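Let's walk through this one together, pockets first and helix packing after that. Keep the 3D view open and turn it as you read.

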Amino acid sequence: MCKKTFERLFDFLKIFPHYFIGSNADLPIVGGSILSHDHFQGGSHIFAINNAKIEKRYKIKNFENIDFAIVKWPLSVIRISGKDDKKLIKLANFILKKWKNYSDKSVSILAKTQNTYHNTITPIARIKNSKFELDLVLRNNRTDKNHPFGIFHPHEHLHNIKKENIGLIEVMGLAILPPRLKEELKLLSDYILNDKNINHNEKIKKHAQWVQHFLPKYQNINNNNIEKILKREISQSFLEVLKNCGVFKRDQKEMRAFEKFINTLQNS
């Protein structure tokens, strides 16, 4: 992840202005499956993040002609837009460099431990209303004793649904779920409908606590609605997954911490 990454995104948009393009991040846990190559993905699909609302706008010194905002999204997203792609690239690179070295212990963000760096960005570019638009999703891949798979990664109680890394497509709001769920959900349906003990089946006992949590919400579960209920609950779990991956959570304290990082950009 570097200035050249942003240049390539905009080079692509100049040829294919009707497509979005993004890149997986460049660190384990928050990146793609193969970190030794540039991993770009693009297309004409409209993801949920495209329609996400702007939460707050800012002005950044020396980039006053660039629109700068925080996006209302489960992950921590800065959106910059304007007609001058060179200026956008310069600002994106400035943000990346600042973020790579940024720490805030009050919200568990450490840029570096020993010789290992933890901060990076997942970028997504598009053209909207005749302007270049670039979403910069802030990522951190640090682990600790409570979250050995990643502090800003799907937390352990969600691993029955999603344990794998959250990459570009999922950052934009589309869940890529493990194929094992197809068979497991069929088994779960049978066990729920016939009131069988989920803990007695090795393949699906990982889902027992999850099912016990949401089952009381539904009065009448039957063959006609069980699939819809399970899909709805998986969607809720995926939303929680995305919230786990946000380096600044959506509560008041952490949004103030997000603003604190924005202030470092304004005051440079």
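Start with four strands: β3 (54-58), β4 (67-71), β5 (77-82) and β9 (131-140) each give at least two residues to the lining of the second largest pocket. Bear in mind as you look that this is a predicted model. The volume of this second largest pocket comes to about 230 Å³. There are 13 residues around it, and Arg57, Asp67, Arg79, Ser81 and Glu133 are the ones closest to its centre. Sort the lining by class and you get six charged, five nonpolar and two polar residues.

Now swing over to the largest pocket, at about 350 Å³. Which elements give two or more residues to its lining? Here the answer is helices, α5 (208-214) and α6 (226-245). The lining counts 14 residues, and those nearest the centre are His157, Leu158, Trp210, His213 and Glu240. By class, the walls of the largest pocket hold six polar, five charged and three nonpolar residues.

Helix α6 is worth following a bit further, since α6 also packs against another helix, α4 (residues 180-193). The two axes come within 10 Å and cross at roughly 120°. An angle between 115 and 145 degrees counts as oblique, so α4 is oblique to α6. As for handedness, α4 and α6 make a right-handed crossing. To find the meeting point, show Leu185, Ser189, Ile192 and Leu193 on α4, then Ile226, Leu230 and Ile234 on α6. What classes of residue make up this contact? Six are nonpolar and one is polar, with no charged residues.

There's a second helix pair to look at. Helix α2 (residues 85-100) packs with helix α7 (residues 252-266) at an angle of about 125°, and their axes are 11 Å apart. This pair is therefore oblique as well, and the crossing of α2 and α7 is right-handed. On the α2 side, the contact is made by Phe94, Ile95, Lys98 and Trp99, while α7 brings Phe261, Thr264 and Leu265. Count by class and the contact of α2 with α7 has five nonpolar residues, one polar and one charged.

To tie things up, go back to α6 once more. This helix helps line the largest pocket, and through Ile226, Leu230 and Ile234 it meets α4. The second largest pocket, by contrast, takes part of its lining from strands β3, β4, β5 and β9.

Note on methods:
Residues numbered from 1 in each chain as written. Predicted model: local features only at pLDDT ≥ 70, side-chain atom pairs only at ≥ 80, totals over all residues. Heavy atoms only, no water. 1 Å grid on protein atoms, 1.4 Å probe; cavity = no way out; pocket = protein on both sides within 12 Å on 5 of 7 lines; lining within 4 Å. Points joined across faces, edges and corners; volume = space filled by probe spheres on them. Nonpolar A, V, L, I, M, F, W, Y, C, P; charged D, E, K, R; others polar. Axes fitted to C-alpha atoms, helices over the stretch in contact; angles between N-to-C directions. Parallel < 35°, antiparallel > 145°, perpendicular 65-115°, else oblique. Left-handed = near helix turned anticlockwise from the far one by under 90°. Contact = heavy atoms within 4.5 Å.
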